[in-house]
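Thanks, everyone, for making the time. I would like to walk you through one model this morning, beginning with a helix pair and working outwards from there.

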Amino acid sequence: MHTVTNDPRYPIGRFNRVTSLTAAERATSIDQVAAAPAQFRRAVMGLTPAQFDTPYREGGWTVRQVAHHVPDSHMNAYLRFKFGLTEDSPAIKTYEEKDWAKTPEVAATPVDVSLALLDALHARWVMCCGR
């Protein structure tokens, strides 16, 4: 769970490790995974190209970079989840998020492509979770 802060480095708060969930908490978490793509799509709906190319905070990424980063990040999380389900001793591979945000396709790819990727990825993730 996250606690919202005013620290722009942690817009949804610092990570707090959860070591176990009740059945109801697990169901709620899966529901949140299922709902996230539509919520994200609503958050960026109607933005102009200039707004997509505006940093969301001083020194931060542009909205476009964030829109492409979210599916990148969630793909990595999904793969880690799958490795955890299928391997006895999974290695958790890191990646350089800041470098991924600067790759050429981030500027060239329409945000709708990443939104569609997020939709499909979360549909698979929810099914993987046993829903």
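In this predicted model, Arg-64, Ala-67, His-68, Val-70, Pro-71, His-74, Met-75, Ala-77, Tyr-78, Phe-81, Lys-82 and Leu-85 of H3 meet Val-111, Ser-114, Leu-117, Leu-118, Leu-121, His-122, Arg-124, Trp-125 and Cys-128 of H6, where contact means heavy atoms within 4.5 Å. By class, this contact of H3 with H6 has 14 nonpolar, four polar and three charged residues, with Ala, Val, Leu, Ile, Met, Phe, Trp, Tyr, Cys and Pro counted as nonpolar, Asp, Glu, Lys and Arg as charged, and the others, Gly among them, as polar.

The axes of H3 and H6, which are lines fitted to C-alpha atoms over the stretch in contact, with angles running from 0 to 180 degrees between N-to-C directions, come within 9 Å and cross at roughly 25 degrees. That makes H3 roughly parallel to H6, the term being kept for angles under 35 degrees.

A word on conventions: residues are numbered from 1 along each chain as its sequence is written, and side-chain values use heavy atoms, with hydrogens and water left out. Since we have a prediction here, local features need pLDDT of at least 70 and side-chain atom pairs count only at pLDDT 80 or more, while totals for chains, interfaces and linings use all residues.

Turning to the interior, the largest nonpolar core, meaning buried Ala, Val, Leu, Ile, Met, Phe, Trp, Tyr and Cys residues joined through side-chain atoms within 4.5 Å, has eight residues: Phe-40, Val-44, Phe-52, Ala-67, Val-70, Val-111, Leu-115 and Leu-118. Buried here is under 20% relative accessible area, exposed is over 50%, and partly exposed lies in between, with a 1.4 Å probe and protein chains only. Helices H1 (23-44), H3 (63-86) and H6 (111-128) each supply at least two residues of this core, and the largest share, three residues, comes from H6. A second, separate core of seven residues includes Tyr-78, Leu-121, Val-126 and Cys-129.

As for the whole protein, there are six helices and zero strands, helices being DSSP runs of H or I with at least four residues, strands runs of E with at least two, numbered from the N terminus. Buried residues make up 24% of the 131 residues, and the C-alpha atoms fill a box of roughly 45 × 30 × 25 Å along the principal axes.

Finally, Leu-21 is found in the segment before H1, and at 47% relative accessibility Leu-21 counts as partly exposed.

Technical notes
Angles under 35 degrees count as roughly parallel, over 145 as roughly antiparallel, 65 to 115 as roughly perpendicular and the rest as oblique.
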